[in-house]
Amino acid sequence: MSAAVSKRPSLYATAVGKKYAMAVSGLILMGYVLLHMIGNLKVYFGAESLNAYAEWLREIGEPALPREWLLWGMRFVLLAAVFIHIHAAYALTMMNRRARPVKYESKRDFVAADFASRTMRWTGIIVVLFVIWHLLDLTWGTTNPDFVKGDVYRNLIASFERAPVAIFYVLANMALGVHLYHGAWSLFQSMGWYGTWRRSFAIGFAAIVVMGNVSFPLAVMFGVIN
Ligand code: HEM
């Protein structure tokens, strides 16, 4: 056999492949944040409604599957999407740094692209730090002194009754909004979907998620729910 058989690089080894990976993992994460926000709206229907919803999440798939199996399946997909998203973002940044064969047309284009990528990096880091805090706070209860396992409503109220925590949630969700807006917009670019609706979709999607999410800490702070 000839030793000169050339090996085709995997799609992920190319910049286009990494952009696809970012787009597909980004879509999964967008789906999650939207559904998570819609699910959390049950807080406005009272403790029973939110807690029943949290319990249902653990039961879905039963009796075909044992309790929490489907939930763990979803957690696994979500975690994989997070890792792929971060890995592809990092690898793309490194690729861009190593080689920039096509020069930007003008200094203005360069400044705009640089601003967007720096914004994505920082808002991405804020969102990751937020999620770590969020899990410690509302899933494991480590940072929530009044945590009661299984009483999601009570835990949520107890958490947002602390003003600094509520303000942190508002700010982190605004960073998420910026990330979602730019991410949704560039996702269409990566997938090759062009249309005048792209910007409107990106703005609309980010606005719905952010407005829903910031409403929860604000509603507790201003005594709308307690
Ligand atoms: C103010 C907005 C938010 C509220 C009120 C909220 C509320 C909650 C609550 C109550 C839980 C625990 C659910 C349970 O144990 O059944 C939870 C879990 C979680 N949240 Fe949020 N969340 C918010 C925003 C976000 C955002 C923006 C993200 C992601 C960027 C996120 C990601 C997660 C994750 C990954 C879990 C763990 C889910 C699991 O493994 O079961 N949350 N959230």
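Helices here are DSSP runs of H or I at least four residues long, numbered from the N terminus. This is a predicted model, so local features need pLDDT of at least 70 and side-chain atom pairs pLDDT 80 or more, while totals for chains, interfaces and linings use all residues. Residues count from 1 along each chain as its sequence is written, and side-chain values use heavy atoms, leaving out hydrogens and water.

**Exercise 1.** Work out which helix gives the most residues to the shell around the ligand.

*Solution.* Start with the shell: 22 residues sit around the ligand (a heavy atom within 4 Å of it). His36, Arg58, Arg75, His134 and Asn213 come nearest. Next, check the polar contacts (pairs of N or O atoms within 3.5 Å). Arg75 puts a side-chain N or O atom 2.7 Å from a ligand oxygen, and His134 has a polar side-chain atom 2.7 Å from a ligand nitrogen. Helices giving two or more residues to the shell include H1 (15-40), H2 (47-59) and H4. The winner is H4, with 6 residues.

**Exercise 2.** Place Leu136 in the fold and decide whether Leu136 is buried, partly exposed or exposed.

*Solution.* First, find the element: Leu136 belongs to helix H4 (residues 107-139). Then look at the relative accessible area, which is 27%. Buried means under 20% and exposed over 50%, with partly exposed in between (1.4 Å probe, protein chains only), so Leu136 is partly exposed. Finally, list the contacts (heavy atoms within 4.5 Å): beyond neighbours within four places in sequence, Leu136 touches Gly141, Thr142 and Thr143.

Note on methods. A polar contact is a pair of N or O atoms within 3.5 Å; within protein, one must be able to donate a hydrogen and the other to accept it, and residues adjacent in sequence count only if both atoms are side-chain atoms.
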